[in-house]
Amino acid sequence: MENYQSFMLGLNMLLDWHVPLWTILGLIVGIVLGAIPGVSGVLAITLLLGPSYYMTPVNAIVFLTAIYTGSVYGGGISAILMNIPGTPAAIATGFDGYALTRKGRHNEALGASILSSAIGLFVSYVVVLILFPLIGKIVMSFGPAEMLMVVVFAIISTGVVKGESVQAAMLGLFGILVGTVGSSAFGNSRGTFGIDALYEGIPLIPALLGLLAVSELLVLVERDQVIDQGDGTKQNMKQIIKGMRETLRYPATLIRSSLVGVGIGLLPAAGSTISSMISYGMEKSRSKNSDNFGNGEISGLIAAETANNGSEGGAVATMMLLGIPGSATTALLIAAFMIHGMSPGPFLIRDHLDFAYLVILSQFIQSVGLVVLAALFVNYFAKLIYLPVRILLPCVLIFSVAGAMAPRSLLLDAVIMLIFAVLGYVMKKLEYPTIGFILGFVLASMVDGEFVRSLLLYGDNPAQLMSRPAFLFLLAVTLISLFWNKIYSFKNKKLKN
């Protein structure tokens, strides 16, 4: 009964006519900043956190969460058009999105990303709305060992993306090695070569910009245009709508990826990057066109975009239920709640459950607004790929350098970007699976921390892990993923015989 009353109070607050206006403004800010490499919703929310103090709590939280929604989607735009992820969560989006752009099908790719993002967001919040009272208990059952298994599962499942080759495994280990440069869990310095700026580790944004963006610019130097074919294809809304319709041909992928997104998003510190990688790997392992993944398979794009937006629902639910941020963005949202007199966690659910329901319900408006605003935005933004490479290349390089230096304003970050650009260029030329290195690098800090905590808790008696249902479930799923290709091949041979 109490939940029903709080739900109705939240719905009543949502009916204020100011809410849609702040939602639209927040989505626009988020999409624009999310599409700029190196800039994300974190910057926008940081800048607007102070001014939000003068807004009403309803308008402020709706506005800031709309920025979060728009930025998660916006990161995929530049990933599709130029293979430059606006945010780390869009890395998997570029695998097939950019390949479709090279084939002149960028409009379809953009349309598919719009609708799959909106559906992922919508489904994730439906799940959160239905299971909100129970989600807190589920998340609380995850300790360091379970989080470590989530990471192991992510590495294994995305290893399937490139066929589980030895090269992918070795590059993954190399990525973990590079990602652990800096201070250890015990405060010791590792691999910094005496450079104080590396004590906190190699910064993620410059490294990924170099590995994915600048390395691609080195490849584009050999070309006159970004796209291989379809030069006569004009930028138009019809092709974007065609991509949206194409998305609806994959209902199972949409539902499965949405559930993966919200499930991973519920785990503290997991987030959209891991969820999109896992979803992409699962889709590849299940697809009949698995060999086409990485070469323009639209279902891979749909899986990645659905999951990274679906993770938002889980991350926001964990933030409100436990007060645990899953990312820098949700950490800022916690600050926003506190500014307006509410502390995310058990006290929020006890004292302001109606406000929690308001946040959840407002996301359904955002998912509809995202479709309309994103379609209008990308229809003009996508014209960038028609520019000659001699014009596009220096412009993107300038933005990449600015994006690399934006977080810390250090020249060293631009140097790091160039070093990773050379590494990325070499891997592309040698046709090494870049995803292996990226995943190891992105997840290195989590592997390091969770392994140490697990060792301290269970090192003397590992058998205790067998009494933890969540750990056993994740272990089973990981083993199935590990041997999935062999099981699938054996099943096909048996059917043929």
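A salt bridge is a side-chain nitrogen of Lys or Arg within 4 Å of a carboxyl oxygen of Asp or Glu. In this predicted model, five such salt bridges are found. Three of them are described here, together with the parts of the chain that they link.

One salt bridge brings together the side chains of Glu 108 and Lys 242, with an N to O distance of 3.8 Å. Glu 108 sits in helix H6 (residues 106–140) and Lys 242 in helix H10 (residues 237–247), so the pair links distant parts of the chain, 134 residues apart. Glu 108 is buried, at a relative accessible area of 10%, whereas Lys 242 is partly exposed, at 37%.

A second example pairs Asp 448 with Arg 190, whose side chains meet at 2.8 Å, N to O. Because Asp 448 belongs to helix H19 (residues 434–458) and Arg 190 to strand E2 (residues 189–190), this salt bridge ties together parts that are 258 residues apart in sequence. Asp 448 counts as buried, with a relative accessibility of 18%, while Arg 190 counts as partly exposed, at 26%.

The next pair is Arg 256 and Glu 283, with 2.9 Å between the closest N and O atoms of their salt bridge. Here helix H11 (residues 251–265), home to Arg 256, is linked to helix H12 (residues 271–286), which holds Glu 283; the two residues are 27 residues apart. Arg 256 is partly exposed, with a relative accessible area of 21%, and Glu 283 is buried, at 6% relative accessibility.

Finally, there is a network to look for: Arg 105, Glu 108 and Lys 242 are joined into one by salt bridges that share partners.

How values were computed: Residues are numbered from 1 along each chain as its sequence is written. This is a predicted model: local features need pLDDT of at least 70, side-chain atom pairs count only at pLDDT 80 or more; totals for chains, interfaces and linings use all residues. Side-chain values use heavy atoms; hydrogens and water are left out. Helices (H or I, at least four residues) and strands (E, at least two) are DSSP runs, numbered from the N terminus. Buried means under 20% relative accessible area, exposed over 50%, partly exposed in between (1.4 Å probe, protein chains only).
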